[in-house]
Amino acid sequence: MNVFRFELRSLSRSTFLWILVLLLLTSIYMSVYPAFASDVDTLKNLYSHLPAAARAAMGLSHIDTNTQFSFLNFYGNIFPFFMLAGSIQAMLLGVGILSREVRSKTTDFLLSKPIRRRTIFLSKYAAALTSLVVTGIAFVAMTFIGAKITGAGSFSMTTYLLITAVFSIVQLVFLSLGLLVSQLIKKIKSPASISLAVTLGLFITGTLGIALGEDKVRYLSPFKYVDFLYVIDHKAYEWQYLVAGISLFITCIVMSYLLYIRRDRRAVD
Amino acid sequence: MNVFLKELKTRRKSLIIWSVVMIIYLYLSMLKFETFSATPAVVSELLRNFPSTLKAVFGMGGLDLTTLSGYFGVVFAYTALLVAVFAGMLGSRVLSDEESDKTSEFLYAKPIPRSKILTAKLSVVLIDIVILCAVLFAGSLALVSKFSPTSQDIHFIILLNTAALIIMLVFAALGAAASSLLRRAVTGGKIIAMLVFACFVLDSASKLTPDLDWMKYFSIFSWFDAQRILTAMNLNMYALIASSALVVIGIVVTYVFYSKKDLTT
């Protein structure tokens, strides 16, 4: 319990800072919505003046301006930026929470206390989870208030929550990935550089892969486990990708747990 | 000279990894170009009539993916983002690693002036950046060569690589400055990471709507925006001046503050 409390206290500042970063991000991106909505109106106007035959000739007959340009559509399209920020936070947290002891040479101090390594691992993990849960709750509140302020009107609550929950799913995967990375690499000199390289790398892989029409990429990049268009249409996730995510999540945790429990720790590295 | 050689060796592994990864990334991205160049022109004609915010939100704005230059511009924009991380981290780590490795006392007790050590370390940063850039340039040329590029395409690729080189120099200089200013040098890496991310966000947000257009002045990625480079076929003069100023300021700050810094042990 002491370890948990200590970790929670030392994480509180960074959690707070990340919530501020997210607040800034959501404010910027949600503020675009009015411009988006007015563009949609222009487009609708344009379409209503086009005869049906002309629309068909341009290949536009299947575009339904009411559903395809809704607020949720807008939200789904700006959401990757929120996910990217969230993933960086989670990955940094995962990489840092166990390796911090090595870097600040406090491993022997902590491990010589009469606490099992298992308890240490679980306490630290629980503290990290708490930090992410708090961030997640703040995030839901921010986007919801943002939607109301920018005049999104009424939208399906289920779909909105399904989309917003992806933020936390991605965070969980990256937290565990970060934990594993911190256990695989003996000495991490710069958690920031590894975290940013991994998250940006996977983000770009996902974005570019989808743009290039490569479906397999969706198993690889946590940013693409959920296709927002699919969620908007079906009010559900595509489970095969989510299962890939959950297995990655479990593998990472179990492996980092086993590595942490068994590794020989040298007092002075 | 010894410091220089030692530092060069320390950084070699990450330089090799980054070079290999960037080449693989470029290669995989270019594999798909053929499917795009086959897309009928009707689609891009259609998209031109869409309102701008709508296009930007749906990620359809900007470069024309059906042309070699347009496609390469999109791919390279992401490359610039990644190598910015490399450069910023390199710049901050050449100075901070001695502290986190607890070797500052060893190194700085040697009869070499701090300014000389600094020069040696910064030269390594410069050399590694130039090497990575050369690898990128050679890789880009080799990869586009099979799509029979015009001299216009080649010119564009040269401009993009120059832009990437400048972006890397700026982030490296800022990274070094951050490490020398902060009491705990390790935080320098975090700050640079945040800076890269902030520039990325500002750049992408500035394209969303005219109301946010002012953001482009604050992001180096917008200064060297691929689309603008493709239309103008040169690098923006103000961007070049501002970048050089940032590099000079970064280096001056590094020399002034690092020479006086109370190194933590």
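**Chain interface and helix H2 of chain A**

In this predicted model, 30 residues of chain B are in contact (C-beta atoms, placed from the backbone, within 7 Å) with 29 residues of chain A. Residues are numbered from 1 along each chain as its sequence is written, and chains are lettered from A in the order in which they are written. Local features need pLDDT of at least 70, side-chain atom pairs count only at pLDDT 80 or more, and totals for chains, interfaces and linings use all residues.

Interface
- Helices H4 (52–57), H5 (68–100) and H9 (186–206) of chain B each give at least two residues to the side that touches chain A; helices are DSSP runs of H or I, at least four residues, numbered from the N terminus.
- That side of chain B has 17 nonpolar, eight polar and five charged residues, where Ala, Val, Leu, Ile, Met, Phe, Trp, Tyr, Cys and Pro count as nonpolar, Asp, Glu, Lys and Arg as charged, and the others, Gly among them, as polar.

Chain A overall
- Chain A has twelve helices and zero strands, strands being DSSP E runs of at least two residues.
- Of the 269 residues in chain A, 38% are buried, that is, with 20 or more other C-beta atoms within 10 Å of their own C-beta, placed from the backbone.

Helix H2 of chain A
- H2(A) covers residues 33–49.
- Tyr33(A), Ala35(A), Phe36(A), Asp39(A) and Val40(A) are buried in H2(A).
- These residues lie on the same side of H2(A) because they cover an arc of only 150° around the axis, taken from the directions from the helix axis to the C-beta atoms.
- The face turned away from the buried side of H2(A) carries Asn45(A), Ser48(A) and His49(A), which are exposed (12 or fewer such C-beta atoms within 10 Å).

Key. Contact = placed C-beta atoms within 7 Å. Expected span 1.5 Å × (residues − 1).
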